[in-house]
Structure formats: structure tokens, C-alpha cells
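Got your viewer open? Let's take a walk through this structure, one selection at a time.

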Amino acid sequence: MIALSLALMLGAAGDQQVAPKPLHRDPVHDGAADASTVYDPAAREWRMFYTNRRADLNVADKDVSWVHGTHIGVATSKDGATWTYAGVANIPAACTGPTLWAPEVKRFGNTWHMWLTVVPGVFSDWNAERFIVHLTSGDLKTWTCGERLNLGSDRVIDASVVALPSGGYRLWFNDERLGKAIRYADSTDLKHWQVKETVVETPGEGPKAFRWKSRWWLVSDAWKGLLVMRSEDAANWTQQADHLLAEPGTHATDRAKGQHPDVIVSGDHAYLIYFVHQSGEPQAISDPNWHRRSVLQIVELNEAGGIVTVDRNATTRVRLTPPEEKTP
């Protein structure tokens with residue numbers, strides 16, 4: 001009996017892969033951030049889309065053109081732990097622009113959807129217009145222009161979209177004209193959106209909504225770690241007191257606060273993907289621009305009594321289960 005139990009334990013552990021630090025580093029500009037991760041059943045692999053910041057661009061400290069002129073990078077994985085760079089997403093220029101940020105990718109029915117933040121130019125400051133565009137795809141490789149979302153502001157970024165159990169869809173976003181408040185909007189067709197309420201009035205960005213352990217959760221980047229909220233109905237929220245990833249980690253490439261979350265729910269497990277600036281690394285001492293570089297990391301979420309915690313310094317073992325196919 002002891003031998004059988006040991007064999008079962010070893011078999012379960014064998015299904016898990018130890019995630020490296022970093023999880024993914026962009027080989028072109030070394031500025032991976034703002035991930036959105038989905039499972040592609042046709043290719044039988046996980047596919048990650050992310051903002052490919054030009055962190056290697058040599059510009060003055062106050063010049064933010066390095067976060068403009070950005071493509072959407074792509075990486076793929078069979079197990080969620082080992083990722084391979086796969087180039088940049090085939091995004092049509094006709095409905096977007098030279099600066100692409102924060103993709104949100106979801107599959108509803110047989111169609112893939114992407115909501116993409118667009119800045120119509122390359123700018124040295126933060127004062128330009130920003131908007132969200134909807135695109136669709138049948139294969140996650142070629143994207144077709146959809147509509148530009150009307151969310152009542154000329155400065156909106158960072159979409160997060162879910163299908164509601166009662167029908168329809170809900171989108172969370174950052175309205176920079178309202179002090180970077182996080183708001184939400186509802187739709188019945190994924191094209192026309194009605195702006196509803198403000199969820200978080202304090203400044204933040206990168207909201208990520210997901211369903212896990214019979215609750216709704218909303219995690220966002222508060223620039224002092226990740227703010228966590230929980231809800232029974234995805235409309236009324238209770239804010240968690242502590243922020244996740246507020247303190248730097250101890251491992252190389254993970255020694256700064258965690259930012260802009262993505263979450264993969266896999267059965268009873270949930271994994272948080274976040275980006276980390278490289279300001280805490282030895283290279284930053286001799287290279288004044290090194291702090292702009294950023295990498296993606298992964299950590300498992302733990303929940304007890306409605307409170308979510310993470311341990312970024314512990315070994316993260318990843319075991320991703322492909323989501324069940326659903327009839328559209």
C-alpha cells in the first residue's frame with residue numbers, strides 16, 4: 001500500500017514542470033509585459049500574447065518613446081513552463097496603429113477575440129489619445145479588424161473580458177480621464193458596449209477578471225503590487241487588504257514589484273503571470289537603461305477564506321490542463 005501511494009505521488013509530481021525564472025524573456029527588445037495566455041486546441045499548445053516594449057532603445061530618462069512603437073509578441077508552450085518565442089502577432093495596421101499594448105485574447109464559440117489597446121503614433125510623453133480595438137481570428141494567427149470600442153473616453157486602455165453565466169459579456173478597462181479608475185461595461189454581442197460603473201476609483205491599470213473557486217476575482221496593477229478583489233456576482237466587490245507581489249523577490253530577474261497580471265485557471269489551480277522590471281539586477285548598476293527591461297514570471301495563486309496569497313520565492317510547479325471544449 002505504501003509503495004502504491006508513493007507511486008501515485010511520484011506520478012502526480014511528474015505531471016508538473018518546474019517553471020524557470022524568468023518564465024519568458026523577449027529575445028528582440030527584452031521588454032516583455034502585459035501577457036494574455038490561452039490554449040490553442042488546434043495546435044495543442046498554449047499561446048501567449050504580450051506587449052513587446054522596446055526596452056533596449058537608448059533614449060533620455062523622461063523620453064517614453066521606448067514604450068511606443070511596440071508590437072505584440074507571441075510565445076508558445078506545450079506545458080506552460082517552457083516557452084518558445086514565436087515572433088509577433090499578425091495585427092492589421094488598417095484598424096490599429098504603430099503602438100500596440102495589452103492584448104486580451106479570449107475564445108467564445110468557434111471564434112477567437114482580441115481586444116487591443118492602440119496609441120496612434122510614437123510619442124515621447126504620455127499625453128496621446130488611446131483607445132481599444134476589437135479583432136477576431138479563426139486560428140490565433142491571422143486577425144481581422146473589428147470595431148473601435150466606444151467607452152465614453154479618449155483615453156482608455158487594458159481590456160479584460162468574460163462571458164457572464166446569466167448571458168452577455170462584461171469588460172473591465174482603465175479610464176485614464178477619470179484618474180486611471182477601473183470601470184466596466186456590458187454587451188450582448190461583443191460589439192456594442194454600455195458603460196456601467198466604476199469598480200476601483202484609486203489609480204491602477206491592467207485589470208484581469210476570472211472565475212475561480214466559485215467566486216469572481218479581479219486583480220489589477222496598483223503600482224505598489226497587485227490589488228485583489230473578490231465578488232459573488234462580478235458587480236459588487238470586496239477589496240483585499242494586502243497587495244500581491246508588493247515586495248521584491250529574492251531570485252534573479254524577480255527582484256522588483258510584480259506588475260500587470262494575467263491569470264490562467266487550470267482546474268482547481270490558478271497561475272498568475274506578471275512582469276517585472278529589471279531595476280533590481282546587477283546590470284542596472286552599470287547600465288542606466290537596464291531598469292526598462294522587463295521579463296514575465298509565473299507563480300501559483302493560493303486561496304484560504306477568501307484571501308489570495310502567493311509565494312514568489314518558492315519553486316513554482318506548473319501543471320496546465322487544457323480547458324474542456326464547449327459546444328458554441
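Start by selecting β18 (259-266), β19 (residues 269-277) and β20 (294-300). These three strands make an open sheet in the order β18-β19-β20, with antiparallel pairing. Before you trust every detail on screen, keep in mind that this is a predicted model.

Now look at the edges of the sheet. β18 and β20 each have a single partner strand, so one side of each has no neighbour in the sheet. Turn the view to look along the strands: on average, neighbours in this sheet are turned by 25° against each other, direction ignored. What holds strands in a sheet together, in general? Strands pair through backbone hydrogen bonds, and the pairing can be parallel or antiparallel.

Zoom in on β19 and β20, which are paired in the antiparallel sense over seven bridges. Which residue of β20 is the bridge partner of Val-276? Click on Val-295 and you've found the partner.

Next, move to another sheet. Select β6 (99-108), β8 (residues 131-137) and β9 (residues 144-148), then add β7 to complete the order β6-β7-β8-β9. This is an open sheet of four strands, and the pairing here is antiparallel. The edge strands are β6 and β9, each of which pairs on one side only. From one strand to the next, the twist averages 25°.

Stay with β8 and β9 for a moment: three bridges join these antiparallel strands. To see one of the bridge pairs, select Val-133 together with its partner in β9, Arg-148.

While you're at β9, show the side chains of Cys-95 and Cys-145. A disulfide joins this pair, with 2.2 Å from S to S. How many disulfides does the structure hold? Just one. The angle about the S-S bond is -85°, and the link of Cys-95 and Cys-145 is left-handed. Cys-95 sits in the loop between β5 (84-88) and β6, while Cys-145 belongs to strand β9, so the disulfide ties together parts that are 50 residues apart in sequence.

Switch on the surface here. Are the two cysteines buried or exposed? Cys-95 has a relative accessible area of 17%, which is under the 20% cut-off, so Cys-95 counts as buried. Cys-145, at 30% relative accessibility, is partly exposed.

Now for the empty spaces. Rolling a probe the size of a water molecule over the atoms shows where such space is left. The structure holds one cavity of 30 Å³ or more, and the largest cavity has a volume of about 80 Å³. To find it, select Pro-103, Glu-104, Ala-159, Pro-207 and His-260, the closest to its centre of the 13 residues in the lining. The elements that each give two or more residues to this lining are β2 (32-40), β6, β10 (156-163), β14 (205-212) and β18. You've already met β6 and β18 in the two sheets. Colour the lining by class and you'll get six nonpolar, three polar and four charged residues.

Last stop: the second largest pocket, with a volume of about 430 Å³. Select Arg-53, Trp-126, Lys-180, Glu-205 and Trp-223, which lie nearest its centre among the 20 lining residues. β10, β18 and β19 each supply at least two residues of this lining. Which classes will you see if you colour the pocket lining the way you coloured the cavity? Here there are seven nonpolar, four polar and nine charged residues.

Conventions. Residues numbered from 1 in each chain as written. Predicted model: local features only at pLDDT ≥ 70, side-chain atom pairs only at ≥ 80, totals over all residues. Heavy atoms only, no water. 1 Å grid on protein atoms, 1.4 Å probe; cavity = no way out; pocket = protein on both sides within 12 Å on 5 of 7 lines; lining within 4 Å. Points joined across faces, edges and corners; volume = space filled by probe spheres on them. Nonpolar A, V, L, I, M, F, W, Y, C, P; charged D, E, K, R; others polar. Pairing = 2+ DSSP bridges. Axes fitted to C-alpha atoms, helices over the stretch in contact; angles between N-to-C directions. Disulfide = S-S within 2.5 Å. Buried < 20%, exposed > 50% of the residue type's maximum accessible area, 1.4 Å probe, protein only.
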